[in-house]
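These are my notebook entries on a structure that I had not examined before. I began with the arrangement of the strands and then turned to the helices and one loop residue.

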Amino acid sequence: MESKTVTQSELQGIVNNLKARGARLITIVGADAGENIEVLYFFSTGVNSTEVYRIVVPKKGGNEEVESITPLMPAAYIAENELSEMFGLKVKGVPGRFFLHPSLKAPLRRS
């Protein structure tokens, strides 16, 4: 499945557009790609129709921030919290502590 790489500000507009078209968020997936954290957003846009958007977040020593899409699509809340906990990203507007014990720090993030 191909993804389209977009900026964080472009993603906000895309999500607004998808919401207006009746699309639904399927999930959000993170991946540590070495110097960057990649975040993929999967949307269902109809029967057998999926759109995938990717943002690339350069690592900055744990001070990376990602805009939340939860205000636009509330279903993103759990996935964004998981993204924050697993990769150490700060997702604006979500607490970032949901699943893991506070002693665990970003287990899916490479140093």
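Entry 1. In what order do the 4 strands of the open sheet lie? I read the order as β1-β4-β3-β2, with mixed pairing. I then looked up the edges, which are β1 (4-5) and β2, each pairing on one side only. I took helices (H or I, at least four residues) and strands (E, at least two) as DSSP runs numbered from the N terminus, and two strands as paired if DSSP finds at least two bridges between them. As background, I noted that strands of a sheet pair through backbone hydrogen bonds, either parallel or antiparallel.

Entry 2. I recorded the basis of the work: this is a predicted model, in which local features need pLDDT of at least 70 and side-chain atom pairs count only at pLDDT 80 or more, while totals for chains, interfaces and linings use all residues. Residues are numbered from 1 along each chain as its sequence is written, and side-chain values use heavy atoms, with hydrogens and water left out.

Entry 3. I followed β2 (residues 24-32) into β3 (residues 36-46) and found the two strands antiparallel, joined by 8 bridges. Across this pair, L25 stands opposite F43, and T27 stands opposite F42. The two strands form a hairpin with 3 residues between them, and G34 in the turn has a positive phi of about 95°.

Entry 4. I next examined β3 with β4 (residues 49-58), an antiparallel pair with 10 bridges. F43, which faces L25 in the β2 pairing, stands opposite E51 in β4. This hairpin has 2 residues between its strands, and N48 has a positive phi near 55°.

Entry 5. Which strands do the helices lie across? Helix α1 (residues 8-20) lies across β3 and β4, at about 160° to β4. Helix α2 lies across β2 and β3, at about 5° to β2. The angles run from 0 to 180 degrees between N-to-C directions, with axes fitted to C-alpha atoms, for helices over the stretch in contact.

Entry 6. I closed with S68, in the loop between β5 (65-66) and α2 (76-87). Is S68 buried or exposed? I found S68 buried (under 20% relative accessible area, 1.4 Å probe, protein chains only), at 7%. Leaving aside residues up to four places away in sequence, S68 touches Q12, E80, V91, K92 and V94, where contact means heavy atoms within 4.5 Å. The S68 side chain also reaches the backbone nitrogen of T70 at 2.9 Å.

Definitions and conventions: Buried < 20%, exposed > 50% of the residue type's maximum accessible area, 1.4 Å probe, protein only. Polar contact = N/O pair within 3.5 Å; in protein donor to acceptor, adjacent residues only side chain to side chain.
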